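Trainee: I'm new to this one. Could you walk me through how the labels are earned?

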Amino acid sequence: MGNVSLLFGGVALFLNSLSLFGKVDLKSAGLFSLLTGLLQTFIATWLVIGAAGDPALTFGYASIYLFAFTYLYVGITFLFGLDGSGVGWFSLFVAISALFYAGVSFSTGDIIGGTTWLFWVILWGLFFLGMGLNMSLDALTARVAIVLSWLTLIVPALVGLRFGTTGANYQLIWSAAAIMTVLYFIYAAVKFLPVRTIVRSKN
């Protein structure tokens, strides 16, 4: 069920990124985000209950709520035309939580898991800067979101549902794709981050 959550989360993120490009209506993307958030909340609760108090399992499954409540919040915001600052500041909390999950993953030797969480730190961090601090980052955020929707959610979910993601070939291909993604993000940041020009007055 975790992979199902990842899959629909990826589709929701993909649609939301397209809305930043102006390709999908905000209310349409918001409706799918809301439905995805409800689905993920159900899946997370089901899995947490099934963990029967096991600390490691509960910790892992509880991370789904970070996505679920993000999508619920985004969905409601888009559908009702609310101010996005609340989503932005909530994203700061999620980014900090994701950084903690990344540290735990790396400490247990899960390099791909830790790297994935770091990618999500970047994404939620951009949501915070854009919606929480009103920085003009839509062009960069849209590109980061659309890439991560496939790299960290849709593809791992589809592969995981059919084959599992522990195979050496998958991990090698994913690692290569992650390196290319980092390079692309650096390029996108240089190209799309707003640059402040300092104009000095002539005396």
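Mentor: Happily! A nonpolar core is a set of buried nonpolar residues, such as Leu, Phe and Trp, joined through side-chain atoms within 4.5 Å. This is a predicted model, and its largest nonpolar core has 31 residues, with Trp 117 and Trp 124 touching the most other members. Helix α6 gives the largest share of this core, nine residues.

Trainee: How do you know that Trp 117 is buried or exposed?

Mentor: Buried means under 20% relative accessible area. Trp 117 has 9%, so Trp 117 is buried. Trp 120, at 7%, counts as buried too.

Trainee: Why is the pair of Phe 67 and Trp 120 called edge-to-face?

Mentor: Ring centres must lie within 6.5 Å to pair, and planes over 60 degrees apart count as edge-to-face. For Phe 67 and Trp 120 the centres are 4.7 Å apart and the planes 80° apart, so the pair is edge-to-face. Phe 67 lies in helix α4 and Trp 120 in helix α6, so the pair ties together parts 53 residues apart in sequence.

Trainee: What makes Trp 117 and Trp 120 an edge-to-face pair?

Mentor: Use the same cut-offs: 4.9 Å centre to centre is within 6.5 Å, and 90° is over 60, so the label fits. These two are three residues apart in helix α6, separated by about one helical turn.

Trainee: Why is Leu 183 called exposed?

Mentor: Exposed means over 50%. Leu 183 has 55% relative accessibility, so Leu 183 counts as exposed. Leu 183 sits in helix α8 and belongs to a nonpolar surface patch with Ile 179, Val 182, Ile 186 and Val 190.

Methods. Residues are numbered from 1 along each chain as its sequence is written. This is a predicted model: local features need pLDDT of at least 70, side-chain atom pairs count only at pLDDT 80 or more; totals for chains, interfaces and linings use all residues. Side-chain values use heavy atoms; hydrogens and water are left out. Buried means under 20% relative accessible area, exposed over 50%, partly exposed in between (1.4 Å probe, protein chains only). Helices (H or I, at least four residues) and strands (E, at least two) are DSSP runs, numbered from the N terminus. Patches are made of residues with over 30% relative accessible area and no salt bridge: like charges are joined within 9 Å, nonpolar side chains (Val, Leu, Ile, Met, Phe, Trp, Tyr) within 5 Å. Accessible areas come from the Shrake-Rupley method with a 1.4 Å probe; for residues, only the protein chains shown count as cover. A salt bridge is a side-chain nitrogen of Lys or Arg within 4 Å of a carboxyl oxygen of Asp or Glu. Rings of Phe, Tyr and Trp (its six-membered ring) pair if their centres lie within 6.5 Å; planes under 30 degrees apart count as stacked, over 60 as edge-to-face and the rest as tilted.
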